[in-house]
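Welcome, and thanks for taking a look at this one. Have the viewer open as you read, and follow the stops in order.

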Amino acid sequence: MSKADLSDLSADEWDEVRFPRSKVQEFDRVVERAISRRSFLGGTLAFGSGAAVMGTAFLKGSPVAAQQTSRFAFEQLAPQTDGTVHVPNGYSWDVLVRWGDPLFPDAPAFDPETGIPTEGSDRVFGENTDGMELFHQGGTELLVVNSEYPNPKINLPASQDGEASSADDVLRLQNFQGVNVMEVVEGADGWSVVVDSAYNRRIHHNTPMVIDGPAAGHDLLKTAADETGTQSLGTFNNCGSGRTPWGTYLTCEENFNGYFGTTQEVLGDEAVMQGYRRYGVSTDIDAGRYNYHGFDARFDISQNPNEPHRAGYIVEIDPWDPEATPVKHTALGRFKHENAAYALTPEGRVVVYMGDDERGEFMYKWVSTGIYVAGGDTSTLLSDGQLFVARFDDDMTGQWVALTPEATGMEPAEISIFTRMAASAVGATTMDRPEWIAVNPTAVEAYCCLTNNRNRGAKEDGGVVKTNAGGDPMEVNAVNPREINNYGQIVRWRPHEDDHGAESFDWDLYVMAGNPEVHGDDLYAGTANINAGNLFNSPDGMQIDTAGLIWIQTDGDDSNEGDFAGMGNNQMLAGDPATGEIRRFLTGPNGCEVTGLTWSADRRTMFVGIQHPGQPFPDGEGSLPRSAIVTVTRDDNALVG
Ligand code: FEO
Ligand code: CA
Ligand code: CA
């Protein structure tokens, strides 16, 4: 570094250059804390400006006092291993809607053995319920829900091994996925879907959309069907959800690569081929996961090489206008989007936090150029802004690194389309599969579930540490401290200056899941807030309610054996941010993932998603297993969030 360069440094940076902190020592300290299973939370209150940003809800008592008075209104549920849903004493659950239930009066009837025919398959509630949000105005409540991916063996019961074997099969699968908009109402017998509501809508793999932002119109988005690169058909692998302050729904395109395949050798230019490799689009002949490419040329990359570039975005949907065209926002980057959690900066810029769920991929933040004004024009707020990627340093601070042309060597449109490469170029921290991010409405902080990563710290033959698909190593570090991380952790960060727009933050681990019953006192036992009573693995879905309680949903190993003994089926737990206490609240049927959570307008009902049950849930023997949304209420009709 030249003298001129040194003169530009701040005092802290200058110190750092002359007296570099030993990252090994800092890292060792973090790991030691985890191993000793002393609470991270004691450290949390002490570090940085942590105490100042804890929020009013948690300043009423000391952490010790808070621990003595649990904020949970329920007794912990024991782990379960059966084929149904369980909730604590004093609560009840019911089925709201399941795959194949009608959303329109002319929908076909569900047959317990054969499911739903292709004709009318876009008139029923879709498969594999995932992220959801509830919107309300004037007494009307709309539940907007993702249908993430198909279960071909169940959705096409007559097929051979669940393989789509005709254009008709492919169309049926395409119709079962996407987004469901449905009016819901509470009556004397509980909640139900208003089947003849004018708001009901199915958005699927062939629904017209528009593309906006820096990549709109770029050559990489042009196809034979759309030579402008500004239109698109369908939204894919809709995983987590988000919402905007102006009342629109955000659906997040995750594992879009699986829908593409090829019928012949692919001869694309190097940039395109590199993109396929980084995003996992297979160029092996007939390797497409759902066999779309065999019957729908749009998904055959030898014929339509740019089609995969039109998926992997955040898509905005106006739930109140069934005619509104969904918008794919390329400004928010293209990767395997888990969910989209918004915050506002003090001056009113929109911040969207997003995870890229793949082993060793990254966490992102986007900040709008425009200011949100209630009642003002919001039509372009998500079209122009700055994308950042997270770097977590081992001293428990971090930086949001701007993905600019200067920093990445890429044009704005390329940053939007090949976001993973842009993030690799600036040295982002490889993460243990970022799933849902949740912003705490009662404190200036946010959380991300890092679900697990079997490759963290693992070595290739020859001793080189494994990398993500871009060649970035997945060495053990402070925020991803476990080699072969089979349990997962939740990272929390507090932006500096109490501003979600700030480019620096402090972080800690809210919890490392683990199993102290199996592992005693080592790193795999988990943090101090894990005990024999609340065991779980693979945190995934997450929401924070209006009181600031964290609701954690799991998508992990439900064998209940070995490392996972005592954990039972996948589940939903509640966490107290101040004390760290975590308590199991709900368990799903064996084989399922619990994912998707929102609340009724009066906060007296929770809507919880049960995805891909391994049993004939909820209808019992003789019926196909059906993903479902269940309602959870308190028997005394008190608030549940
Ligand atoms: Fe669709 Fe990463 O979960
Ligand atoms: Ca998930
Ligand atoms: Ca998952």
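Which residues are the protein donors of the calcium ion (ligand 3)? They are Glu435 (OE), Asp540 (OD) and Asp555 (OD), and they lie 2.2 to 2.3 Å from the ion. Please keep in mind that this is a predicted model.

## The two calcium ions

Along the chain, the donors of the calcium ion (ligand 3) follow the spacing E-x104-D-x14-D. Glu435 sits in strand β18 (residues 434–439) and Asp540 in strand β22, so this pair ties together parts that are 105 residues apart in sequence. Glu435 counts as buried, because its relative accessibility is 2%.

The calcium ion (ligand 2) has its own set of donors: Glu338 (OE), Glu435 (OE), and Asp540 (OD) listed with two entries, at 2.3 to 2.8 Å. The spacing of these donor residues in sequence is E-x96-E-x104-D. Here Glu338, in the loop between β12 (327–329) and β13 (341–344), is linked with Asp540 in strand β22 (residues 539–544), 202 residues away. Glu338 has a relative accessibility of 1% and therefore counts as buried; Asp540, at 2%, counts as buried too. The calcium ion (ligand 2) and the calcium ion (ligand 3) are 4.0 Å apart, with Glu435 coordinating both.

## An open antiparallel sheet

Let us move on to a sheet. Four strands make up an open sheet, arranged in the order β1-β28-β27-β26 with antiparallel pairing. At its edges are β1 (91–98) and β26 (593–599), each of which pairs on one side only. On average, neighbouring strands of this sheet are turned by 25° against each other, with direction ignored.

Strands of a sheet pair through backbone hydrogen bonds, in either a parallel or an antiparallel way. In this sheet, β1 and β28 (residues 628–634) run antiparallel and are joined by seven bridges. If you would like a place to zoom in, pick Val95, whose bridge partner in β28 is Val630.

## Two helices and their surroundings

Which residues of helix α8 are buried? In this helix (residues 270–279), they are Val272, Met273, Gly275, Tyr276, Arg278 and Tyr279. These buried residues pack against α10 (412–417) and α11 (419–425). Both ends of α8 have a detail to inspect. At the start, a side-chain oxygen of Asp269 comes to within 3.1 Å of the backbone nitrogen of Ala271. After the helix comes Gly280, with a positive phi near 80°.

Helix α7 (residues 167–175) also has buried residues, namely Asp169, Val170, Arg172, Leu173, Gln174 and Asn175. Among the elements that cover them are α6 (152–155) and β6 (201–203).

## Salt bridges

How many salt bridges does a search of the whole structure find? The search finds 28. Side chains of opposite charge can pair when their charged atoms come close.

One of these pairs is Glu133 with Arg243, at 3.2 Å from N to O. Glu133 belongs to strand β2 (residues 129–137) and Arg243 to strand β9 (residues 238–243), so the salt bridge ties together parts 110 residues apart in sequence. Glu133 is buried, with a relative accessible area of 6%, whereas Arg243 counts as partly exposed at 27% relative accessibility. In another salt bridge, Arg494 meets Glu445 at 2.9 Å, N to O. Arg494 is in strand β20 (residues 489–495) and Glu445 in the loop between β18 and β19 (446–450), 49 residues apart. Arg494 and Glu445 are both buried.

## A salt-bridge network

Lys336 and Glu358 meet through their side chains in a salt bridge of 2.8 Å, N to O. Each is in a loop: Lys336 between β12 and β13, and Glu358 between β14 (349–355) and β15 (363–371), 22 residues apart. Why does Lys336 count as buried? Because its relative accessibility is 5%, under the 20% cut-off. Glu358, at 23%, counts as partly exposed.

Lys336 and Glu358 also belong to a network of salt bridges that links them with Arg278, Asp356, Glu361, Arg420 and Asp472. Arg278 in this network is one of the buried residues of helix α8.

Technical notes
Residues are numbered from 1 along each chain as its sequence is written. Chains are lettered from A and ligands numbered from 1 in the order in which they are written. This is a predicted model: local features need pLDDT of at least 70, side-chain atom pairs count only at pLDDT 80 or more; totals for chains, interfaces and linings use all residues. Side-chain values use heavy atoms; hydrogens and water are left out. Two strands pair if DSSP finds at least two bridges between them. Helices (H or I, at least four residues) and strands (E, at least two) are DSSP runs, numbered from the N terminus. Axes are lines fitted to C-alpha atoms, for helices over the stretch in contact, and angles run from 0 to 180 degrees between N-to-C directions. Buried means under 20% relative accessible area, exposed over 50%, partly exposed in between (1.4 Å probe, protein chains only). Contact means heavy atoms within 4.5 Å. Donors are N, O and S atoms within 2.8 Å of the metal (3.2 Å for Na, K and Ca); water is not among the atoms, so sites may look incomplete. A polar contact is a pair of N or O atoms within 3.5 Å; within protein, one must be able to donate a hydrogen and the other to accept it, and residues adjacent in sequence count only if both atoms are side-chain atoms. A salt bridge is a side-chain nitrogen of Lys or Arg within 4 Å of a carboxyl oxygen of Asp or Glu.
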